[in-house]
Amino acid sequence: MGQWSRKDDPEPFIDLVPVDQAEGLRKALYDELERARGKGRVSNLFKAYSAFPALGLANFRRLMALLGEGVLSVKFKEAVMTALAEINRCDYCVSFHASALRNAGASDAEVDAALNFDPAKIGLSAKEQALFEYAIKANGDPHGITRADVDALRVHGVTDAEIVETLETVNTGNAFNLINGALNVGPDDFLGGYKKERGEQWQEEAQTEEKAA
Amino acid sequence: MTTLALLGSAEAMERLAASEPSVLVTFTGPRCIICKRLAPMLETVVREAGAALASAKVDAEALPEVSERYEIRSLPTTLLFRNGTLADRITGFATAGALRAWLAKNGVTPVTA
């Protein structure tokens with residue numbers, strides 16, 4: 001299915017090949033996803049990516065490196081990706097990352113704080129709060145980042161590696177949001193519909209704005 | 001989120017600025033990418049401010065006389081009016097956190113319904 005908020009065109013724009021029909025390199029990608037995430041948990045995003053299996057595999061390994069090998073908390077990275085999904089208005093991405101954020105220990109109120117770009121209320125360390133602000137600013141205008149912004153991170157002991165890890169969290173979130181948005185890739189069956197209402201709210205607001213214009 | 005209403009004339013801009021104790025107006029444009037990224041930040045802080053803050057947006061190209069009057073040199077530029085007078089401005093992108101601090105510095109504190 002497509003994104004919840006696109007009720008007028010509910011199907012993805014490319015074929016999402018089911019797990020039991022995958023062959024060759026596509027099957028290799030799906031197998032790697034299931035080994036990492038569990039049986040049946042091949043997300044629709046990676047079914048879309050599997051149209052170009054080598055890129056799908058490269059992007060999944062990029063995600064695994066980001067989430068598994070970095071030093072910043074998964075809660076922090078999922079909070080950033082939840083916020084990016086809200087900025088990009090990708091309802092599947094909001095639901096996916098908000099669910100992952102909750103699985104990383106966040107309360108419902110902390111998930112809402114991420115959706116409201118309010119790092120002080122997400123339950124992050126002072127360092128990760130500063131990095132969250134930096135991430136949102138870098139996403140908003142990367143060329144507007146100044147040395148003073150980086151100096152402000154250093155006050156919290158942020159390392160070069162942590163800055164790169166943060167920026168790659170932004171890159172990864174945006175890249176996945178773009179694939180899902182441009183291909184109308186919607187929620188996975190194994191996703192429970194957490195925060196599904198975000199897309200419906202955006203759609204209502206767009207209709208209200210259209211009427212007012 | 002709370003979508004900011006688009007103002008259609010210089011008169012509407014003047015009326016709004018004079019009508020409420022605190023008014024936020026952001027100057028934007030259809031080709032301004034950073035404006036699109038700023039929008040959810042603005043919408044969030046406007047919603048949080050509640051009745052304490054009125055808000056709107058202006059298409060800078062559509063209303064050049066308004067842009068000239070407020071010396072809009074680049075987009076996005078966000079203005080804050082307090083009691084009918086231009087009190088402060090932010091040029092470029094700002095996070096929701098930076099906007100919250102900016103509003104607080106200018107005496108705008110959220111009012112919950």
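## B:Ser55 and its surroundings

B:Ser55 sits in strand β2 of chain B, which spans residues 54-59. The model is a predicted one. B:Leu4 lies 51 residues away from B:Ser55 in sequence. In space, the C-alpha atoms of B:Ser55 and B:Leu4 are 6.3 Å apart.

Which residues does B:Ser55 touch, leaving aside those up to four places away in sequence? They are B:Leu4, B:Leu16, B:Leu24 and B:Val46.

## The parallel pair in chain B

Strand β2(B) pairs with strand β1 of chain B, residues 22-28. The sense is parallel, and 6 bridges link the two strands. One bridge sets B:Val23 against B:Ala54 in β2(B).

The connection from β1(B) to β2(B) runs through helix α2 of chain B, residues 33-49. This β-α-β crossover is right-handed.

## The antiparallel hairpin in chain B

Strands β3(B) and β4(B) run antiparallel and are joined by 6 bridges. Strand β4 covers residues 85-91 of chain B. B:Thr77 stands opposite B:Thr91 in β4(B).

The hairpin of β3(B) and β4(B) has 2 residues between its strands. Within this hairpin, B:Asn83 adopts a positive phi near 50°.

## Backbone exceptions

Most residues other than glycine have a negative phi, and most peptide bonds are trans. The peptide bond between B:Leu75 and B:Pro76 is cis, with omega at about -5°. B:Pro76 belongs to the loop between α3 (64-69) and β3 (77-82) of chain B.

Chain A has an exception in phi. A:Asn184 is not a glycine, yet its phi is positive, at about 50°. A:Asn184 falls in the loop between α9 and α10 of chain A.

## A salt bridge within chain A

Over all chains, a search of the whole structure finds 19 salt bridges. One pairs A:Glu162 with A:Lys127. Their closest N and O atoms are 2.9 Å apart.

What does this pair tie together? A:Glu162 lies in helix α9 of chain A (residues 160-182) and A:Lys127 in helix α7 of chain A, so the salt bridge ties together parts that are 35 residues apart in sequence.

## The interface of chains A and B

Chain A brings 17 residues into contact with 19 residues of chain B. The two chains bury about 1,400 Å² between them. Of this area, 52% is on carbon and sulfur atoms.

Polar links also cross the interface of chain A and chain B. The rule finds 2 salt bridges there. The side chains of B:Glu43 and A:Arg89 form a salt bridge, at 3.9 Å from N to O. The rule also finds 5 residue pairs in polar contact across the interface, with both residues at pLDDT 80 or more.

## Chain A's side of the interface

Which elements of chain A give two or more residues to the side that touches chain B? They are α4 (74-88), α7 (126-140) and α10 (197-212). Helix α7(A) gives the most, with 5 residues. Helix α7 of chain A also holds A:Lys127, the salt-bridge partner of A:Glu162.

By class, the side of chain A that touches chain B has 9 charged residues, 5 nonpolar and 3 polar.

How values were computed. Residues numbered from 1 in each chain as written. Chains lettered and ligands numbered in written order. Predicted model: local features only at pLDDT ≥ 70, side-chain atom pairs only at ≥ 80, totals over all residues. Heavy atoms only, no water. Helix = DSSP H or I, 4+ residues; strand = E, 2+ residues; numbered from the N terminus. Contact = heavy atoms within 4.5 Å. Pairing = 2+ DSSP bridges. Right-handed = clockwise from strand over helix to strand, strands pointing away. Buried area = accessible area lost by both parts, 1.4 Å probe. Salt bridge = Lys/Arg side-chain N within 4 Å of Asp/Glu carboxyl O. Polar contact = N/O pair within 3.5 Å; in protein donor to acceptor, adjacent residues only side chain to side chain. Nonpolar A, V, L, I, M, F, W, Y, C, P; charged D, E, K, R; others polar.
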